[in-house]
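Could you take me around this model, one selection at a time? I have it open in my viewer and would like to know what to click on next and what is there.

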Amino acid sequence: MNDRSSPTSQKCQSKEAVICVQGLVNRFGDNVVHEGVDLTLYRREILGVVGGSGTGKSVLLRSIVGLKHPNDGTVEVLGQRLNALSGSQRSQIERRFGVLFQRGALFSSLNLQENVALPLIEHAGLPREEAEYLARIKLSLVGLAPQAARQFPASLSGGMIKRAALARALALDPDILFLDEPTAGLDPIGAAAFDQLIVTLRDALGFSVFLVTHDLDTLYAACDRVAVLSQKRVLVADTLERVAETDDEWVQDYFNGPRGRAAQRAADTPSSKE
Ligand SMILES: Nc1ncnc2c1ncn2[C@@H]1O[C@H](COP(=O)(O)OP(=O)(O)OP(=O)(O)O)[C@@H](O)[C@H]1O
């Protein structure tokens, strides 16, 4: 990793930057996934991270949340350089993250209120009764009916599981929410409702969102900026309109191909924004 005392860039020093990644390198054996990734997430923004399959979107997310130790580069989160922190300091920072993994990852033997209460008991030390009371509030926040609290994951639809997993990610009132393919596997109506839920919760609760997705509709409906991972780096990170103009084959195929044009038309239709 880089010299820990090396100065942070102006971008990282900006009060508005909640995540600042610089010169990130990730390898698995001979497979170089990232070779100098630079990326900033600003306060209260929803940043969509896109790129072809295998370009390292999930590895980037895992490097930021501390599940993959980068081979080089720096990751600053909420003003702290992660590799300069002790284990307990890192845990303090990580408590300010909410993470929704691609496969939901709820415990099948626990009902929804128990699933959501778990981080409150384990990390915030709340007594069970209080934690489950707060868990029911979180479940209603994500739009689940009160009776869902006692249901087990196996009895739920994909959309309900995503919402419950989101409630669990929100359990500790995170400053940064990480979402890995949140709409994968949802039908278009469920996916659109989930996109809207993320925007509504961000507006109400004020967290920042790092969102890995393949879903063009999500980019149009929810994201303030979009970062494209390509050739082991961030090719461009900007508003959707500017990114779509980037002179790059993958970007042009993705944004201006038939699916991209359909997503843009849907976003331009007034009823889709209601
Ligand atoms: N634990 C691991 N061990 C070895 N290689 C890995 C590991 N995790 C990821 N990789 C490799 O890193 C590369 C990037 O994987 P990653 O899952 O981040 O891609 P992605 O952009 O999220 O892909 P997709 O869009 O298909 O989900 C791939 O080549 C993958 O095989």
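Start by selecting Asn-26 and His-34: the bridge partner of Asn-26 in β2 is His-34. Element names here follow DSSP runs, numbered from the N terminus, with helices being H or I runs of at least four residues and strands being E runs of at least two. Before going further, please note that this is a predicted model, in which local features need pLDDT of at least 70 and side-chain atom pairs count only at pLDDT 80 or more, while totals for chains, interfaces and linings use all residues. Residue numbers run from 1 along each chain as its sequence is written.

**Stop 1: the hairpin and its sheet**

Now widen the selection to β1 (residues 17-28) and β2, which run antiparallel and are joined by nine bridges. Another bridge pair to click on is Ala-17 with its partner in β2, Tyr-42. Which residue in the turn has a positive phi? Gly-29 does, with a phi of about 60 degrees, and two residues lie between the strands of this hairpin.

Add β4 and β5 to the view, and you have an open sheet of four strands in the order β2-β1-β4-β5, with antiparallel pairing. Strands count as paired if DSSP finds at least two bridges between them. At the edges are β2 and β5 (80-81), each of which pairs on one side only. Next, show α2, which packs on this sheet and touches β1, β2 and β4 (72-77). The direction of α2 makes about 120 degrees with that of β1. Contact here means C-beta atoms, placed from the backbone, within 7 Å of each other. Angles run from 0 to 180 degrees between N-to-C directions, using axes fitted to C-alpha atoms, for helices over the stretch in contact.

**Stop 2: around the ligand**

Select the ligand and then its shell: Phe-28, Asn-31, Val-33, Gly-51, Ser-53, Gly-54, Thr-55, Gly-56, Lys-57, Ser-58 and Val-59. A residue belongs here if its C-beta atom, placed from the backbone, lies within 6 Å of the molecule. Two elements give two or more residues to this shell, β2 (31-42) and α2 (57-65). α2 gives the most, with three residues. Colour the shell by type and you will find three nonpolar residues, seven polar and one charged. In this scheme Ala, Val, Leu, Ile, Met, Phe, Trp, Tyr, Cys and Pro are nonpolar, Asp, Glu, Lys and Arg are charged, and the others, Gly among them, are polar.

**Stop 3: two loop residues with positive phi**

Most residues other than glycine have a negative phi. With that in mind, click on Arg-44, which is not a glycine and yet has a positive phi of about 65 degrees. Arg-44 sits in the loop between β2 and β3 (46-51). Then go to Leu-78, in the loop between β4 and β5, where phi is positive and near 50 degrees.

Are these two residues buried or partly exposed? Arg-44 is partly exposed because 16 other C-beta atoms lie within 10 Å, and Leu-78 also counts as partly exposed, with 17 C-beta neighbours inside 10 Å. The cut-offs are 20 or more other C-beta atoms within 10 Å for buried, 12 or fewer for exposed, and anything in between for partly exposed, with C-beta atoms placed from the backbone.

**Stop 4: the six-stranded sheet**

Select β6, β7, β8, β3, β9 and β10, which form an open sheet in the order β6-β7-β8-β3-β9-β10 with mixed pairing. The edge strands are β6 (97-100) and β10 (233-238), each pairing on one side only. From one strand to the next, the twist averages 15 degrees. Zoom in on β9 and β10, which run antiparallel with five bridges between them. One pair to highlight is Leu-229 with its bridge partner in β10, Val-234.

**Stop 5: helix α10**

Keep β9 on screen and add α10 (residues 249-256), where Val-251, Tyr-254 and Phe-255 are buried. These residues lie on the same side of α10 because they cover an arc of only 85 degrees around the axis, the arc being that of the directions from the helix axis to the C-beta atoms. To see what the buried residues of α10 pack against, show β9 (225-230), α9 (240-244) and α11 (258-268).

**Stop 6: Leu-126**

Finish at Leu-126, in the loop between α4 (112-122) and α5 (128-141). Leaving out residues up to four places away in sequence, Leu-126 touches Leu-120, Ile-121 and Ala-131. With 18 other C-beta atoms within 10 Å, Leu-126 is partly exposed. For a last distance, pick the C-alpha atoms of Leu-126 and Asp-238, which are 112 residues apart along the chain and separated by 41 Å.

Technical notes
Contact = placed C-beta atoms within 7 Å.
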